[in-house]
Amino acid sequence: MAVVFEKPKSLTDAPFHYCPGCPHGIIHRLVAEVMDELGIEGKAIGVAPVGCAVMAYDYFACDMIEAPHGRAPAVATGIKRCRPENVVFTYQGDGDLASIGMAETVHSAARNENITVIFVNNAIYGMTGGQMAPTSLPGQVTQTSPYGRDVNHCGWPIRVSEMLSTLEGPEYIARVAVNNVKNVKNAKKAIKKAFENQINGKGFSLVEVVSACPTNWGMTPKAALEWIESDMLPYYPIGVYKDRSAGEEK
Amino acid sequence: MAERILMKGNEAIAEAAIRAGCRHYFGYPITPQTEIAAYMAKKMPKIGGVFLQAESEIASINMVYGAAAAGMRVMTSSSSPGVSLKAEGLSYIAGSDVPALVVNVQRGGPGLGGIQPSQSDYFQATKGGGHGDYRMIVLAPASVQEMASLTIKGFDLADKYCVTSMILADGTIGQMMEPITFEDTEPKVYDKPWALTGTEGKRKHNVVNSLYLKPDELEKKNFERYEKYAEIEKNEAMWEEYMMDDAEYCVVAFGIASRVAKNAVVAAREEGIKVGLIRPITLWPFPTAAFEAAQDKVKAFISVELNMGQMIEDIRLATGCKKPVSLCNRTGGMIPGPDEVLEAIRNAKKGAL
């Protein structure tokens, strides 16, 4: 009988611990499918963050390391500088990448470190139970902004892709979303490009994936996906923010 | 015969690291250790190695973590305030059981402190610094020659036990020049089957990790790690004894303080005081055996330190408080003269008689 659908080889058999309706499962799968398609599972080394995806080291079948909070790009730098022939990626959330790890993010981008960064932006700290993130929207209610994020008190959410695209260093910066089939397909294309760039020696490639956290947003999975469209994407528009090799022939 | 070279202490560390097979250095500038980075920046690109100036001490220790996990001999260096920033990474490196070499060329503290030599990071180095149950091998050079030889030794011990070796030097030894020789030996190579190399489809994935959510698993891991530490305590303590055979008083000092103390011991002997010196070379493991042997023959110990009295606690523990231990100390970047140590020896004699 013909096999029409199967689990990517780049994922282990370990069951995901993610909450019902959490798109981390989709995003893990996209990364794994890309690794399968590029045939890099045996060469890949992944760096897991601190946050909901901390146990990504159990889910990806390639060699993995678990980094301190926010330090994944530095850890990835150490690995890549030792083993340039390997494919090194980080998988980080918004608290990890855009708050505590902002310096590591900006400087690895500025160095055009030849790594791939998957940045999952769901506008909240998930693992610790729903606190305000650097990407939480103005007015967004979280455990630590119970009256809504007051931008006069704690500032504005950071648009990471736009900010990084002002740097001379990075090769490729794109924002995608995983709230509908079309966007998921486009997200996979961007992730694939981010890995191909590394294989081709082009440098730092970051894909910001606008995602949902139904549990901590206090929404059903369906309502959360709708909130991405109605509230997240107007502040965080989908698009390619930097692509140094745009227009080059494949 | 090996050539004699005149070198600065910091440069000796860098050259020794290269000779030990280290080809990856990640650091961040801070006085008084920047010569190490400068030396690496000059040499590494010429020998196919990597020198990278990180954006912070935090980033540099995490680059070390990544490189160590990738199976490479790797190092970073800093001075006291910078080592505080590295403490997070030191804890992760310990919790993940990967080997690394970290240099602390100490300056005065706390806070921004000063830039003059100090030994006030003894607690930080020997008792932890980062969070959690862990140890580092702490090596205390007292000469430029030892800056080199203990660096090579440090890499070997780190690889042998999968721990961090810390070179705990000070601004004086870092900055001073002395003639040294390098032995012509090939770096030792250790098997690292746990390293992140890519599976190549030939094995199950390697995971370098310090997270254990189940408390019984974490406890087991810590118990296992402490069995390893017990091995290190049993096998790796190093110290030097000077004029201890007939000593009635014992000066204890490490690093630059031991050189001052040695002069004071000679001066005290000229006055007829039978005094010797124990110089711990490993601060962890602390050379307890030397003190167990000495505590029955001497009347008192004098701890000479460039801090407010940190090693003195380990001397008291190692001797079971059987004999009095006095403190002769300067701090904040000040170094005692031999006359100050001599006075402390005389006072110990008065007190013990």
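Two strands count as paired if DSSP finds at least two bridges between them. Keep that in mind for this predicted model, where one sheet is built from strands of both chains. Let's walk through that shared sheet, the place where the chains touch, a second sheet in chain B, and a few helices.

**The sheet that both chains share**

- Eight strands make an open sheet with mixed pairing, and their order is β7(A)-β5(A)-β6(A)-β4(A)-β3(A)-β1(A)-β2(A)-β9(B).
- At the edges you'll find β7 (239–243) of chain A and β9 of chain B; each has a single partner strand, so one side of each has no neighbour in the sheet.
- So what holds strands like these together? Strands of a sheet pair through backbone hydrogen bonds, and they can do it parallel or antiparallel.
- Where the chains meet in this sheet, β2 of chain A (residues 63–66) pairs with β9(B) in the parallel sense, over two bridges.
- Zoom in there and you'll see A:Ile65 standing opposite B:Val208 of β9(B).
- Within chain A, β4 (residues 116–121) and β6 (residues 205–210) also pair in the parallel sense, over six bridges.
- In that pair, A:Val117 stands opposite A:Leu206 of β6(A).

**Where the two chains touch**

- The contact involves 34 residues of chain B and 28 residues of chain A.
- On chain B's side, at least two residues each come from β2 (24–27), β3 (50–53), α3 (57–69), α4 (80–96) and β9 (207–208).
- Which element of chain B gives the most to this side? That's α3(B), with nine residues.
- Sort chain B's touching residues by type and you get 18 nonpolar, 13 polar and three charged.

**The five-stranded sheet of chain B**

- Chain B has an open sheet of five strands in the order β10-β12-β11-β14-β15, again with mixed pairing.
- Its edge strands are β10 (239–242) and β15, and each of them pairs on one side only.
- From one strand to the next, the twist averages 20°.
- β11(B) and β14(B) run parallel and are joined by four bridges.
- Look for B:Val251 here: its bridge partner in β14(B) is B:Ile302.
- α11(B) packs on this sheet and touches β11, β14 and β15 of chain B, with its direction at about 155° to that of β14(B).
- Helix α9 of chain B (residues 255–270) lies across β10, β11, β12 (275–280) and β14 of chain B, and runs at about 165° to β12(B).

**A closer look at α11 of chain B**

- Which residues of helix α11 (residues 311–318) of chain B are buried? They are B:Met311, B:Ile312, B:Asp314, B:Ile315 and B:Ala318.
- Looking down the axis of α11(B), you'd find these buried residues within an arc of 160°, so they line one face of the helix.
- Their cover includes α5 (122–127), β11 (249–252), α10 (288–294), β14 (300–305) and β15 (325–329) of chain B.
- After α11(B) comes B:Gly320, which has a positive phi near 60°.

**Two crossing helices in chain A**

- The axes of α3 (residues 72–82) and α5 (residues 102–110) of chain A come within 7 Å and cross at roughly 40°.
- α3(A) and α5(A) are therefore oblique to each other.
- From α3(A), A:Pro73, A:Ala74 and A:Thr77 meet A:Glu104, A:Thr105 and A:Ser108 of α5(A).
- By type, the residues of this contact are two nonpolar, three polar and one charged.

Conventions. Residues are numbered from 1 along each chain as its sequence is written. Chains are lettered from A and ligands numbered from 1 in the order in which they are written. This is a predicted model: local features need pLDDT of at least 70, side-chain atom pairs count only at pLDDT 80 or more; totals for chains, interfaces and linings use all residues. Two residues are in contact if their C-beta atoms, placed from the backbone, lie within 7 Å. Ala, Val, Leu, Ile, Met, Phe, Trp, Tyr, Cys and Pro count as nonpolar, Asp, Glu, Lys and Arg as charged, and the others, Gly among them, as polar. A residue is buried if 20 or more other C-beta atoms lie within 10 Å of its own, exposed if 12 or fewer, and partly exposed in between; C-beta atoms are placed from the backbone. The arc is that of the directions from the helix axis to the C-beta atoms. Axes are lines fitted to C-alpha atoms, for helices over the stretch in contact, and angles run from 0 to 180 degrees between N-to-C directions. Angles under 35 degrees count as roughly parallel, over 145 as roughly antiparallel, 65 to 115 as roughly perpendicular and the rest as oblique.
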